[in-house]
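Trainee: I would like a close look at a single strand and its surroundings. Please take me through that one part.

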Amino acid sequence: MNIAELFDHKKTLFSLEIFPPKKDSPYNVIYNSLLKMRGIPADFISVTYGAGGSRAQQDKTIEIASLILQTYHTEPVAHLTCVNADRQQVLETLQQLTDNHVENIMVLRGDIAADSPPKTDFKYASDLAAFIKAHQPGFNLLGACYPEKHYQAGSMEKDIENLKIKIDNGITHLITQLFFDNQKFYAFRDRAEEAGVRVPIQAGIMPITNHKQIERTVALSGASVPAKLRRIFDRYSNNEKALFDAGIHYAIEQIMDLIANDVRGIHLYTMNNVEIATRVSDAIQNIITAENNNL
Ligand code: FAD
């Protein structure tokens with residue numbers, strides 16, 4: 001199924017993101033997590049792709065996407081990065097995706113690793129989008145966007161100009177980088193609309209539920225941390241259970257506000273954690289259903 005078509009009859013999508021197990025981690029963990037997540041009514045589940053990973057590691061993205069489709073009958077989105085890929089590799093991956101009936105691709109550049117110079121066939125995600133459309137036009141393409149600007153972009157204006165190239169090259173739907181301050185999202189959405197971005201923008205939400213995430217995810221993403229979330233970190237970072245609950249509640253409040261402000265979808269970064277996915281989903285499903293019934 002082409003996910004873009006869902007927007008014809010749904011106002012608000014709900015989707016999950018998972019990642020393949022890291023090298024040397026057991027694969028049955030992700031299969032068990034998916035088994036437990038199967039009751040969650042997600043419009044699609046996206047599977048990340050390690051930009052610098054080995055071929056075998058990257059094949060796992062397709063394997064898991066295929067499992068999501070064949071076993072759980074949910075639409076998968078396979079992420080695909082181009083920073084370390086050449087044209088031939090991309091053509092092979094497209095063939096594998098076709099063989100596995102995966103129709104939707106999240107088209108990405110990937111981060112440039114300091115110790116591995118990028119390959120030269122594709123410079124930006126927009127180049128990959130154009131290449132896919134030229135060779136296999138049947139794929140539906142999604143892309144990434146950044147409510148607080150991509151870290152390499154000179155300005156938000158320039159970043160949005162570049163986003164438009166990506167859309168002109170075939171991206172039908174955007175998912176944002178994680179953010180904690182909805183005002184940043186609304187300001188970005190307004191600017192993108194003013195600049196002529198007409199494709200649906202789904203909000204990427206990551207509940208911060210443990211101490212490690214505060215240090216790594218929050219620091220690395222560069223996302224602004226509102227005073228309320230900072231207080232949660234300060235008060236509960238030494239209390240595992242309280243921090244978990246507070247992180248979930250913060251995300252649910254954030255989502256409720258986004259829905260009230262007509263967001264076109266929520267994309268939950270689950271970190272492969274079944275409890276996070278289930279608790280957030282349980283809290284918002286009736287509301288999302290009501291939004292879609294009122295369309
Ligand atoms: P691009 O859209 O190519 O943009 C990168 C930079 O180049 C931006 O600063 C942009 O303004 C600029 N730019 C774009 N086009 C042009 C142009 N024509 N001329 C000049 N400048 C230009 N990473 C992974 O490795 N695996 C994943 O599975 C993964 N999934 C992600 C999912 C989401 C929803 C998001 C938000 C990010 C994900 N990432 C993933 C991270 C992503 O790969 C990095 O953020 C990366 O640095 C940028 O990727 P992009 O596709 O947004 O790049």
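Mentor: Two strands count as paired if DSSP finds at least two bridges between them. In this predicted model, β7 and β8 meet that condition with three bridges, and they run in the parallel sense. Within this pair, A203 stands opposite I266 in β8.

On β7 there is also a pairing with β6, which covers residues 171-176; this one is parallel as well and has two bridges. Here I175 is the residue opposite Q202 of β7. Between β6 and β7 the chain passes through helix α7, residues 182-194, and the resulting β-α-β crossover is right-handed.

As for β7 itself, the strand spans residues 201-205 and is mostly covered, with five of its five residues buried. I201, A203 and I205 point one way from the strand, while Q202 and G204 point the other way, and all are buried. Thus A203, opposite I266, and Q202, opposite I175, point in opposite ways from β7.

The strand β8 covers residues 265-269, and the loop between β8 and α11 (274-293) holds M271. Its backbone deserves a remark. Most residues other than glycine have a negative phi. M271, however, has a positive phi, near 55°. M271 is partly exposed because its relative accessibility is 23%, which lies between the 20% and 50% cut-offs. By contrast, the residues of β7 are buried.

Technical notes. Residues numbered from 1 in each chain as written. Predicted model: local features only at pLDDT ≥ 70, side-chain atom pairs only at ≥ 80, totals over all residues. Heavy atoms only, no water. Helix = DSSP H or I, 4+ residues; strand = E, 2+ residues; numbered from the N terminus. Buried < 20%, exposed > 50% of the residue type's maximum accessible area, 1.4 Å probe, protein only. Right-handed = clockwise from strand over helix to strand, strands pointing away.
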